[in-house]
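Let's walk through this one together, question by question. Have a look first.

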Amino acid sequence: MKIFIDTANIDQIREMAWLIDGVTTNPTLVAREKRPFEEIVREICGIVSGPVSAEVTALDAPGMISQARALAGIHENVVIKIPMTEAGMRAVTTLSQEGIRTNVTLVFSAPQALIAAKCGASFVSPFVGRIDDAGGSGMEVVSEIVEIYRNYGFATEIIVASVRHPRHVLEAALLGAEIATVPYAVLKKLFNHPLTDVGIDRFLKDWEQVPK
Ligand code: E4P
């Protein structure tokens with residue numbers, strides 16, 4: 001399973017670059033950095049060697065396509081994040097014909113993911129945390145997408161997004177999703193278990209008894 005970091009913060013990306021397989025950003029994450037968008041994307045591509053998702057802000061297909069072409073020109077690893085709308089899917093269809101990779105974002109249902117795959121999306125991002133927040137089951141949606149993609153052999157990779165806690169990552173892995181995109185704070189939690197700390201303390205205490 002691949003792990004992406006869900007951030008536009010250069011320090012966080014630099015720190016975790018040894019572990020991660022890619023990066024996802026979104027307009028909210030970029031806005032926190034108070035720097036020009038394209039400058040951030042270029043810098044991220046210089047740090048990681050995997051896919052870097054950068055989102056368009058236009059709402060019409062021609063606008064999305066022209067923003068996408070410009071972003072794709074920054075670096076070969078840039079993947080264009082397109083919202084799951086009818087206009088977005090028109091843009092994904094054109095971009096996929098041009099060989100520009102897309103990540104269909106703001107996906108909240110399996111039928112949306114089916115359409116994204118049919119349009120040639122390289123990645124699809126179900127937002128599990130936001131589905132849970134709204135009283136649904138994010139992982140049930142992921143499970144349906146996994147089954148649909150398997151049934152028809154779609155090459156679209158599932159990025160489990162809007163991850164809130166390590167259990168989301170665990171469940172994504174159990175379902176066979178190709179990727180989880182994980183915020184920095186959750187990524188750090190993946191290393192931890194209280195019994196690991198207790199075990200280290202115990203070993204170090206016992207080690208003091210070894211004659212030097
Ligand atoms: C996905 O690519 C998005 O950037 C992200 O996971 C959204 O997460 P949020 O619901 O925590 O904003």
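**Charged pairs, then the ligand**

A: Start with Arg-35, which forms a salt bridge with Glu-43, their closest N and O atoms being 2.7 Å apart. By salt bridge I mean a side-chain nitrogen of Lys or Arg within 4 Å of a carboxyl oxygen of Asp or Glu. This is a predicted model, where local features need pLDDT of at least 70, side-chain atom pairs count only at pLDDT 80 or more, and totals for chains, interfaces and linings use all residues. Residues are numbered from 1 along each chain as its sequence is written, and side-chain values use heavy atoms, with hydrogens and water left out.

Q: How many salt bridges does the count come to?
A: Side chains of opposite charge can pair when their charged atoms come close. Here the count is 11 salt bridges. Among them, Arg-69 pairs with Glu-98, with the closest N and O atoms 2.5 Å apart.

Q: Which residues are around the ligand?
A: A residue is near a molecule if one of its heavy atoms lies within 4 Å of it. Around this ligand you'll find Asp-6, Thr-24, Asn-26, Lys-81, Phe-127, Arg-130, Ala-161, Ser-162 and Arg-164.

Q: Where does the ligand make polar contacts?
A: Look for a pair of N or O atoms within 3.5 Å. A ligand oxygen is 2.7 Å from a side-chain N or O atom of Asn-26, and for the side chain of Arg-130 the distance from a ligand oxygen is also 2.7 Å. At Ser-162, a polar backbone atom is 2.7 Å from an oxygen of the ligand. Taken alone, the ligand exposes 350 Å² (Shrake-Rupley method, 1.4 Å probe), and the protein buries 85% of that.

Terms used: Polar contact = N/O pair within 3.5 Å; in protein donor to acceptor, adjacent residues only side chain to side chain.
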